[in-house]
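Please open the model in your viewer with the sequence panel beside it, and follow the selections below in order.

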Amino acid sequence: MEAKKLGSNLGKQNKVKRSFIKTVCVTVLLLVFTVLLVGGYWIFKTQAPRPLVTDSHGQVLFTKDSIKGGQAVFQKYALMDYGTVLGNGSYMGPDYTAEALKIYTGGMQDFHANKKDGVPFAKLSKDEQTVIRENVKNEIRKNRYIKKTDTLVLTDAQAYGLKQVENYYHTIFTKGDGWGLQPNLIKESDLPAKNRAWVGKGDQIKQISDFFFWTAWLSSTDRPNDKISYTNNWPYYKDAGNMLTYSSIFWSGASITILSLFMGLILYFFYRYHLGMKEAYTPGNFPRIDLNKIPVTSSQVKAGKYFVIVSILFFIQVMFGALLAHYYTEPESFFGIKWITKLLPFSIAKGIHLQLAIFWIATAWLGLGIYVAPLVGGHEPKRQGLLVDILFWALVVLVFGSTLGQWLGVKGYLGNGWFMFGHQGWEYLELGRFWQYILALGMVIWLFIMYRGIRSALKRETDRGGLVHLLFYASIAVPLFYCFAFFIQPNTSYTMADYWRWWIVHLWVEGIFEVFAVVVIGFLLVQMKLVTKSSTVKSLIFQITILLGSGVIGIGHHYYYNGSAEVWIALGSIFSALEIIPLTLLILEAYEQYKMLRDGGVDFPYKSTFWFLISTALWNLIGAGVLGFLINLPAVNYFEHGQQLTPAHGHAAMMGVYGMFAISLLLFSLRNIVKPEAWNDKLLKFVCWMLNVGLAGMVFISLLPIGLVQLKLAYDKGYWASRDPKTYFSMDIVHNLLLFRAVPDTIFLIGVIALVVFCVKAFFNLRKPTHGENEPLPVRDLTIDED
């Protein structure tokens with residue numbers, strides 16, 4: 001009686017603790033999303049205007065439509081997948097904001113030098129240059145925007161600087177930039193003469209030049225009633241008066257201080273209230289798993305083809321990555337073959353490379369969801385297999401249709417349909433709007449498949465914060481948060497478009513995918529009887545709280561210098577620093593997973609899954625945590641923004657975390673639907689080592705040191721120099737590091753090929769379904785609180 005009473009009391013205490021944790025989680029989520037939305041409204045109210053621009057005599061130089069049209073031209077020709085604007089985009093070409101600012105400032109200096117002495121600025125003595133340089137700084141910083149008439153009045157010197165910008169880009173887009181930008185990229189014949197979609201009337205090259213000038217203006221002109229520019233003085237360029245601000249310095253230090261405080265507090269609560277997952281087995285009593293006794297349904301077997309496609313898309317994506325790496329060393333040909341660069345220029349190849357990464361990773365997660373649904377619900381719903389087939393072919397159409405559409409759009413074959421069916425023009429959101437609708441529809445179909453499979457379990461689980469409900473909430477969040485992609489139109493101001501874009505790139509990919517990942521890991525560990533359910537639910541709620549509690553507002557580190565308000569430097573730096581805490585805790589979880597792997601011995605059938613889970617946790621700390629922390633400090637990001645340190649973090653986080661995790665899910669699902677005798681753990685161990693060694697070499701031998709070289713170059717000469725291909729790519733150390741990258745890339749590619757071979761063989765050795773539709777499955781009921 002006493003033992004039963006004690007157990008009852010402990011159960012009540014656990015429920016109280018879980019209820020309290022859930023209350024904290026909901027409260028934190030409401031607070032952080034409120035801050036994010038209010039902050040977005042503040043961005044909207046304080047963003048730079050897109051005005052009518054005139055000279056001091058009232059002559060119109062360009063209109064609001066020219067700025068909007070220029071942004072659309074920038075998007076239409078996928079230039080965000082070649083260079084950057086306000087530091088956002090790709091890293092082959094220049095940052096067009098920094099480049100235009102240098103030309104604009106230089107034009108003003110020449111104007112004053114010619115007016116005063118009849119010679120260019122470069123011909124003046126140092127003392128004379130100093131005087132003009134200071135005068136230009138004062139002139140360029142003054143904000144001459146008239147809100148009442150929505151007009152920007154340029155001085156004669158500024159109007160001359162604008163003309164130099166227009167002349168320069170007319171030459172670049174006509175003759176090419178001598179690097180990776182092809183001659184005559186922008187052609188008037190690509191669009192109808194009248195009624196153009198999103199692009200204004202007249203010369204497209206002038207419009208894009210005016211757009212670049214506008215970004216240079218807002219980056220160097222003080223905000224109204226302030227002493228910093230709309231971009232918080234970015235990019236760094238002394239001649240324009242752009243210097244590191246006090247906020248960037250102060251909040252860099254403050255974020256580290258606050259990180260130390262919260263690290264201590266969170267670790268205290270983690271250990272004080274035992275918020276980790278608790279092992280469900282005792283030493284010597286590790287669960288024995290007989291794969292032949294695991295039930296298999298028709299929809300689960302049909303999920304097998306998803307994983308073959310995952311491996312093939314992974315291979316194609318890596319091959320495009322190899323092509324991009326080669327372009328950095330030989331931008332105008334591929335081993336002397338020029339037709340390849342004309343067929344697949346850097347911008348198109350980069351867009352396909354990024355989209356394929358999202359496609360194969362997301363497909364692996366969709367496949368896992370399809371596999372686990374019958375296990376959770378305890379039966380196979382009617383016609384579930386048909387829905388799985390429909391979703392599969394929808395994904396095939398999406399992948400091939402959107403890829404072809406990107407190529408046709410950039411090449412100019414779609415006319416006014418470039419945005420709807422072609423290349424939308426935003427990095428990570430390249431696929432046209434029509435294909436986005438297909439993607440969203442596919443995720444909704446997947447959610448419906450999941451719901452049908454787990455519906456009965458949801459009804460049985462009375463605790464709305466139980467394990468099955470957490471899995472369902474995480475599944476709902478995947479299509480729900482992608483919907484914010486539809487808030488962006490080509491005429492949305494660049495700053496606001498970037499605000500919503502990072503809701504997808506950061507919040508959807510780095511936030512919601514991360515939440516889905518930790519919930520799935522917890523679910524799988526409970527399903528295998530390795531951890532207790534109640535401890536896992538508590539742990540998951542705690543992890544979700546700190547993941548989204550830091551990550552939602554941590555999105556602000558992307559808003560430092562894109563034209564958003566200065567307050568985002570404080571918010572972004574503090575909360576992005578805190579993001580390293582949950583990533584650190586995942587290492588503790590990885591150690592527990594390693595112990596489970598060790599305790600399972602040679603008979604444990606999921607060794608390969610655990611190898612990749614442990615890899616995921618390690619790269620989470622190194623790639624997302626350490627490298628992300630380095631570049632997110634405002635004082636570092638000010639000089640680094642848009643340099644190779646960013647893809648060092650990006651590759652380590654995207655492939656190291658989401659890629660490795662996707663492979664772990666793929667292997668778990670296949671292990672249960674592939675004939676046990678056809679499995680090959682030795683090959684998979686080889687794959688794991690090749691991918692990890694290759695990725696580490698790619699990041700730490702190539703991208704990271706090149707990024708450090710660029711960082712020093714930006715500090716010494718100004719940001720523009722660090723992004724000028726002719727300046728930093730011509731450096732011997734950079735060139736040699738790029739060439740040496742072929743070694744780790746090859747190691748990585750060998751691992752990918754081995755994974756493809758394994759997946760194809762596995763596909764031809766799938767088990768036959770053991771249970772039919774609506775037939776009860778002998779699986780563990782996770783709606784019962786067993787512990």
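## A guided tour by selection

Begin by selecting E427, which counts as buried because its relative accessibility is 6%, and keep in mind throughout that this is a predicted model. With E427 still shown, add K350, since the two residues form a salt bridge in which the closest N and O atoms are 3.6 Å apart. This pair links distant parts of the chain, with K350 in helix α11 (residues 346-377) and E427 in the loop between β7 and β8, 77 residues apart. K350 also counts as buried, at 9% relative accessibility.

Next, select the two strands on either side of that loop. Strand β7 (residues 423-426) and strand β8 (residues 429-431) pair in the antiparallel sense over two bridges, and together they form a hairpin with two residues between them, where Y428 in the turn has a positive phi of about 75°.

Within strand β7, select H423. Which residue of β8 is the bridge partner of H423? The partner is L431, so displaying the backbone of β7 and β8 together will help you to follow the antiparallel pairing. H423 is buried, with a relative accessible area of 1%, and a polar atom of the H423 side chain lies 3.0 Å from the backbone nitrogen of G425. If you show the surroundings of H423, leaving aside residues up to four places away in sequence, you will find that H423 touches a set of residues including Q75, D81, G351, W418 and E430.

Now turn to the salt bridges, of which the structure holds 19. Select K305 and D389, whose side chains meet in a salt bridge at 2.7 Å, N to O. K305 lies in helix α9 (residues 304-329) and D389 in helix α12 (residues 384-411), so the pair ties together parts that are 84 residues apart in sequence. Both K305 and D389 are buried.

For a pair within one helix, move to helix α23 (residues 681-717), where D716 and K712 lie four residues apart, about one turn of the helix. The closest N and O atoms of their salt bridge are 2.6 Å apart, and D716 counts as partly exposed at 47% relative accessibility. Then select E166, K206 and D210, which are joined into one network by salt bridges that share partners.

Finish with the cysteines. The structure holds zero disulfides; for C688, the nearest cysteine sulfur is that of C759, 14 Å away. C688 is buried, with a relative accessible area of 8%, whereas C483 is partly exposed, with a relative accessible area of 37%.

Key. Residues are numbered from 1 along each chain as its sequence is written. This is a predicted model: local features need pLDDT of at least 70, side-chain atom pairs count only at pLDDT 80 or more; totals for chains, interfaces and linings use all residues. Side-chain values use heavy atoms; hydrogens and water are left out. Buried means under 20% relative accessible area, exposed over 50%, partly exposed in between (1.4 Å probe, protein chains only). A polar contact is a pair of N or O atoms within 3.5 Å; within protein, one must be able to donate a hydrogen and the other to accept it, and residues adjacent in sequence count only if both atoms are side-chain atoms. Contact means heavy atoms within 4.5 Å. A disulfide is a pair of cysteine sulfur atoms within 2.5 Å. A salt bridge is a side-chain nitrogen of Lys or Arg within 4 Å of a carboxyl oxygen of Asp or Glu.
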